[in-house]
Amino acid sequence: MMEVLLVRHGAASWDAATDMERALTERGREEVDAAAQWLRGEDWQPEQLWVSPYRRAQQSAEILNIWGAPQRNIACLTPDNRPEDLENLLATFAGQRLMLVGHNPLLSNAIAHWQGELRSYWGMQTASMALLEGEVFASGCAELKWLRHYPNYAHNGR
């Protein structure tokens, strides 16, 4: 059984030349730090982090990776990719716990797709986290264990 933790980047500034270059705001850093501290308290530790190449996701991963886990940049973790784009990559992961740091609409769509839902109603806000579990990550093959939002990570928003 594999656990995949989806984490949306923290709040980001719109003051950038391109979407890819948008940086975290101070609030975004606070949101992501709160998520990292909650995960530490829950003793959930990833074996690897897979991260969007976009600046705000890279900055979020730096804050989240309190364990010093190996990190990979994954080109298909950008906003407009589809969950299916990740599935072949997920099949190559040999571990049990993986953190994906990325964007909406991809992350909300992935929750729906992997649970076999036709459309997404999962609202991944900035610094939201969703834990899915499955033997295989394909349409209808995973289960949402919990969904947490800043600032109250103790509440399961599932």
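**Exercise 1. Decide whether A127 is buried or exposed, and describe its backbone.**

Solution.
Step 1: A127 has a relative accessibility of 1%. Buried means under 20%, so A127 counts as buried.
Step 2: Find its place. A127 sits in the loop between α4 and β5.
Step 3: Look at the backbone. Phi of A127 is positive, about 65°, although A127 is not a glycine. Most residues other than glycine have a negative phi.

Keep in mind as you work that this is a predicted model.

**Exercise 2. Do the same for D43: is it buried or exposed?**

Solution.
Step 1: D43 has a relative accessibility of 61%. The cut-off for exposed is over 50%, so D43 counts as exposed.
Step 2: D43 belongs to the loop between α1 and β2.
Step 3: Its phi is near 60°, a positive value in a residue other than glycine.

**Exercise 3. Describe the overall build of the protein: how many helices and strands does it have, and in what pattern?**

Solution.
Step 1: Count the elements. There are four helices and six strands.
Step 2: Put them in sequence order, which gives β-α-β-α-β-α-β-α-β-β.
Step 3: Check the compactness. The radius of gyration is 14 Å, close to the 15 Å that the globule rule gives for 158 residues, so the protein is as compact as a globular protein of that length.
Step 4: Add the extent. The C-alpha trace spans about 40 × 35 × 30 Å along its principal axes.
Step 5: Add the burial. Of the 158 residues, 51% are buried.

**Exercise 4. Find the largest nonpolar core: which residues have the most contacts inside it, and which element gives the largest share?**

Solution.
Step 1: A useful background idea is that nonpolar side chains tend to be buried together in soluble globular proteins.
Step 2: Here the largest nonpolar core has 26 residues, and L6, L86, I111 and W114 have the most contacts inside it.
Step 3: At least two core residues come from each of β1, α3, β4, α4, β5 and β6. The largest share, six residues, is supplied by α4.
Step 4: Take I111 as an example. Leaving aside neighbours within four places in sequence, I111 is in contact with L6, W122, M124, A130, L132, L144 and L147.
Step 5: Another core lies apart from this one; it has 23 residues, among them V32, W44, V51 and L64.

**Exercise 5. Show how L107 links distant parts of the sequence: how far apart are L107 and L6?**

Solution.
Step 1: L107 lies in helix α4, and at 0% relative accessibility it counts as buried.
Step 2: L107 and L6 are 101 residues apart in sequence, yet their C-alpha atoms are 6.7 Å apart in space.
Step 3: Not counting residues up to four places away in sequence, L107 touches L6, V7, R8, G102 and M124.

**Exercise 6. Explain why helix α2 is described as largely enclosed.**

Solution.
Step 1: Helix α2 covers residues 55-64, and eight of its 10 residues are buried, so it is largely enclosed by the rest of the structure.
Step 2: The buried residues include A57, S60, I63 and L64.
Step 3: Their packing partners are β1, α1, β2, β3 and β4.

**Exercise 7. Locate two cis peptide bonds: which residues do they join?**

Solution.
Step 1: Recall that most peptide bonds are trans.
Step 2: One cis bond joins N104 and P105, with omega about 5°. P105 is in the loop between β4 and α4.
Step 3: Another joins Y150 and P151, with omega about 5°. P151 is in the segment after β6.

How values were computed:
Residues are numbered from 1 along each chain as its sequence is written. This is a predicted model: local features need pLDDT of at least 70, side-chain atom pairs count only at pLDDT 80 or more; totals for chains, interfaces and linings use all residues. Side-chain values use heavy atoms; hydrogens and water are left out. The radius of gyration is taken over C-alpha atoms; the globule rule is 2.2 Å times the number of residues to the power 0.38. Buried means under 20% relative accessible area, exposed over 50%, partly exposed in between (1.4 Å probe, protein chains only). A nonpolar core is a set of buried Ala, Val, Leu, Ile, Met, Phe, Trp, Tyr and Cys residues joined through side-chain atoms within 4.5 Å. Contact means heavy atoms within 4.5 Å.
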